[in-house]
Each structure stands twice: as structure tokens, then as C-alpha cells.
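Welcome, and thanks for taking a look with us. Please have the sequence and the fold open side by side as you read.

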Amino acid sequence: MTNSLFYLYGILLPNGKWINELTDCTPATNTKHITGYASGQIVPDFRGGHGCAPDIRFTTPQLKTVIDACGLTGYDMSAGNCDLYYQAGVNLGTRSAIADLEHLQLRCVRALLYWESITARQGGDGDADAATIACRIIPTYDGVNPPFVPAGGEAIPSCLLAEEYYGLGPTELNTAPVAGISSRTLDLNPTLDERASDGDDYLSWVSIRQHDPIETIETDSIGHWTAIDIDGLALTAIESWLRKKQQDNVMHHPDGNAVHIKFTGTAGLATVQQTAGADGNPASTTLRVAYRRPTCSAAHAMSVSTASAVA
């Protein structure tokens, strides 16, 4: 018979911030297995492995919490613990109180948190139009502790309310508004270096090697063929916003309030990828905006603010 169930609760970062608006969360051991066969045998004689490279992948609408912690290049969490909590359920009830010593904790004692992409779309039902950010936590070996330290019988620290939701905002290319945006995805396309050595069973080195920031914009306007042309448009000013949603209100915060998220670039290339539409459906055009570093002294191809007004 079933005697216990656990429910995803949230991730407590070393800076004391909670990520507890999680649309999905998947911790994985990523074990590298060895299966050995003796000569001529049809079943294995040996089971083992090359160790594991665990990670936690999750998606959340808490863009400000993640971006404030990570910026564009990740959050070194080695100064404290990063804890993923699962809350114990109660048979014939709901949930065990967070102070009860019944919950499950997965602790990362040294880890990197970084984000990969942000997606926002127009309209939808419920929270379908809320922007989300896809993230990954990679815990590493500190020479003593395994990357994951699981513990049962834990209490859960007090958490914060879920108050962060953002929606689609405008985009301007060379100060000209992009008309008819229905969805937008900003993908940093990170490439990582993940290394183990000396026969260690776990990763001891994780770093971000490269970014290839690309923004993909779906629009209802076919006029971008004229504005951008088949040769593409050299960019000198790129501005994209995500509007913050008000709590207990169906509207976003006013554009003039400095609570929205803004991404800015000063160099890159915009191209029209394609226009699709058939059988009486309106045409939809896909744009690709590729950011690049404008100068040798620039730290990144773009900048981000989580406290911006919408122009």
C-alpha cells in the first residue's frame, strides 16, 4: 500500500531567495552506466558505472529572481547551500506542515545556476501567456561531499509568496517597433565545459564557455519583408521588454512604472526567416535577431534590467 507521497515545494538559493513558482523541475543523477559481458554471453556479468553528473532543470515565471541572481552569465552558489524541497503529503488530508520533520531535501553544496532561454507569448488561458525562464543547476564535487546530498525527515524554511509574473512586451529594432508580435523567445544558447579528473566520480569543474544569443520573434505582419529585406538588417539598437503583471488585477503594471524587464543590445543582425500561412489562416512571419558584442571592452552582447519602464 502507498504510505507516502511528496510534492514539489521550491528551491531555496544561498542568497535567501525562493524559487517556488515552478512549472516543472527535474533533478537527475545522469549516471553513466557500465554493462559488461563475458565473451559469448547473452546476459551481463558486470554492472557498474563511470560515476554521475547530476543536475536540476526547471522552468519558472520568476524571471526577476533568476536574472537578479544570475545576470547573464550565471550564479556561483559555492558560498552557501542550494536546497530543493519536496513537501510530504498527508493521507486523507493535504500537506504536512512545513515545520514537521517529514519533508525531503536535496542539497547542493557547490553549484552553478544559469538560465538558458526565456519564452513569452500573447494571450492564452490562465497563466498560458506568462513568460517563463528555463534554468539549470549543476552541482559539483568539492572534494568531500557528493554533488547531491539527499536528506529525509527535514523541516522546510519559511518561504515567500508567489508574486512574479511577466507578459509579452514590445520590441524595437533600430528604434522602429516590431509590429504584431505574437510570441518571442530569447535563447542564450550556452555551451558549457563540464569536467571531472583524477578518476573522480563527479564533476569538479563547470563553466560557461560561450553564448550565442538569438531572439526569435513570431509576428502577424508580413511587412517585415520590406522593412528588413532578404539581405537582413544591420542593427545598432535592440530593445525588448517583458511587462510585469499586477497582482489582483487583470492588467499589467503601467508602462511608466520601473518594474518591467528590458533587454538591450547595440549590435547584431535581423533577418526574416519565413512566412507561413495557408488554408485561410492569417500569415505569420518569423524574425531572427542575432546579438553580437559591439566592442572589445563589452562584457556581453546584451544587457538586462529588471527595473525598467517600457518606452
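Here is a short tour of a sheet, the nonpolar cores and a helix.

This is a predicted model, in which local features need pLDDT of at least 70, side-chain atom pairs count only at pLDDT 80 or more, and totals for chains, interfaces and linings use all residues. Residues are numbered from 1 along each chain as its sequence is written, and side-chain values use heavy atoms, with hydrogens and water left out.

**The sheet**
- Five strands form an open, antiparallel sheet in the order S14-S13-S20-S21-S24; strands are DSSP runs (E, at least two residues) numbered from the N terminus, and two of them pair if DSSP finds at least two bridges between them.
- S14 (176–177) and S24 (303–308) are the edge strands with a single partner each, so one side of each has no neighbour in the sheet.
- Six bridges join S13 (residues 166–173) to S20 (residues 238–244) in the antiparallel sense, and Gly167 has Arg243 in S20 as its bridge partner.

**The cores**
- The largest nonpolar core (buried Ala, Val, Leu, Ile, Met, Phe, Trp, Tyr and Cys residues joined through side-chain atoms within 4.5 Å) has 51 residues, and Ile11, Phe58, Trp115 and Ile137 have the most contacts inside it.
- Another core lies apart from it, with seven residues, among them Ala53, Leu112, Ile138 and Leu192.

**Helix H1**
- Six of the eight residues of H1 (residues 63–70) are buried (under 20% relative accessible area, 1.4 Å probe, protein chains only), so the helix (a DSSP run of H or I, at least four residues) is largely enclosed by the rest of the structure.
- Those buried residues are Leu63, Thr65, Val66, Ile67, Ala69 and Cys70.
- Gly71, just after H1, has a positive phi of about 60°.

Key:
Buried < 20%, exposed > 50% of the residue type's maximum accessible area, 1.4 Å probe, protein only.
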